[in-house]
Amino acid sequence: MPDYPGRLSHSIPAWVKDGAIYHIRIGTNSRSPLPLTDPVLGPLLLESARIYHEQERWNCSLFLLMPDHLHALIQFPLKQKMSNVVSAWKRYQTRQHGICWQTNFFDHRVRSGSELNEKAAYILRNPIVGKLCGANEAWPFVFYGNP
């Protein structure tokens with residue numbers, strides 16, 4: 001059986017063109033004191049995502065909170081490592097709000113416009129599938145950046 005690394009590097013390969021979009025999933029661990037969708041915490045996290053977007057730390061088209069994880073569609077500047085940007089954001093949230101995150105995060109490079117539409121639909125269906133809201137209800141814990 002092959003050995004697998006304990007941690008993923010989250011390195012963006014040199015051949016990936018600038019502007020690649022990634023589906024990011026970041027989870028909390030069981031020690032996190034509040035759900036990410038807490039009425040006070042949720043808006044603060046969304047505001048922080050918006051600030052990172054405005055400061056061009058990332059270009060976020062969609063950022064959605066669930067109680068124990070979040071999904072995002074994000075572009076990262078080539079000059080910055082994806083893992084450094086995400087780690088800095090997580091570290092700030094831990095210091096400010098006491099969130100206990102899982103050690104790593106999931107990333108998947110979106111390869112086409114149709115896949116981007118599929119990922120966005122999947123992310124937006126999460127609260128409905130999780131029975132947190134109905135199909136016709138607006139989920140309050142979402143940030144839309146650039147399309």
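Here's a quick briefing on the fold, the central strand pairing and two of the helices in this structure. Keep in mind that you're looking at a predicted model. The protein chain has 3 helices and 5 strands, and from the N terminus they come in the order β-α-β-β-α-β-α-β.

**The chain as a whole**
- Of the 147 residues in the protein chain, 41% are buried.
- Take the contacts between residues at least 6 apart in sequence: 72% of them link residues at least 24 apart.
- The accessible surface adds up to about 8800 Å², and carbon and sulfur atoms account for 54% of that.

**Strand E1 and its neighbours**
- Strand E1 covers residues 21–27, and 6 of its 7 residues are buried, so the rest of the structure largely encloses this strand.
- E1 runs antiparallel to strand E3 (residues 69–75), with 7 bridges joining the two.
- E1 also pairs with strand E4 (residues 106–110), again in the antiparallel sense, this time over 5 bridges.
- Ile 21 is a handy place to see both pairings: its bridge partner in E3 is Gln 75, while its partner in E4 is Val 110.
- If you're tracing side chains here, remember that in a regular strand they alternate between the two faces of the sheet.

**Helix H2**
- H2 takes in residues 82–97, and its end C-alpha atoms sit 22 Å apart; that agrees with expectation, because 16 residues at 1.5 Å a residue should span 22 Å.
- The buried residues in H2 are Met 82, Ser 83, Val 85, Val 86, Ala 88, Trp 89, Lys 90 and Gln 93.
- When you look at spacing like this, it helps to recall that an α-helix has 3.6 residues a turn, so residues three or four places apart point the same way.
- The buried residues of H2 pack against quite a list of elements: E1, helix H1 (41–54), strand E2 (59–65), E3 and E4.
- Right after H2 comes Gly 98, with a positive phi of about 70°.

**Helix H3**
- H3 is made of 17 residues (113–129), and the distance from its first C-alpha to its last is 24 Å, close to the 24 Å expected at 1.5 Å a residue.
- Buried residues in H3 are Glu 115, Ile 123, Asn 126 and Pro 127.
- The cover over those buried H3 residues includes strands E1, E2, E3 and E4.
- Following H3, Lys 131 has a positive phi, near 60°.

Conventions:
Residues are numbered from 1 along each chain as its sequence is written. This is a predicted model: local features need pLDDT of at least 70, side-chain atom pairs count only at pLDDT 80 or more; totals for chains, interfaces and linings use all residues. Side-chain values use heavy atoms; hydrogens and water are left out. Buried means under 20% relative accessible area, exposed over 50%, partly exposed in between (1.4 Å probe, protein chains only). Helices (H or I, at least four residues) and strands (E, at least two) are DSSP runs, numbered from the N terminus. Two strands pair if DSSP finds at least two bridges between them. Contact means heavy atoms within 4.5 Å. Accessible areas come from the Shrake-Rupley method with a 1.4 Å probe; for residues, only the protein chains shown count as cover. The expected span of a helix is 1.5 Å times one less than its number of residues.
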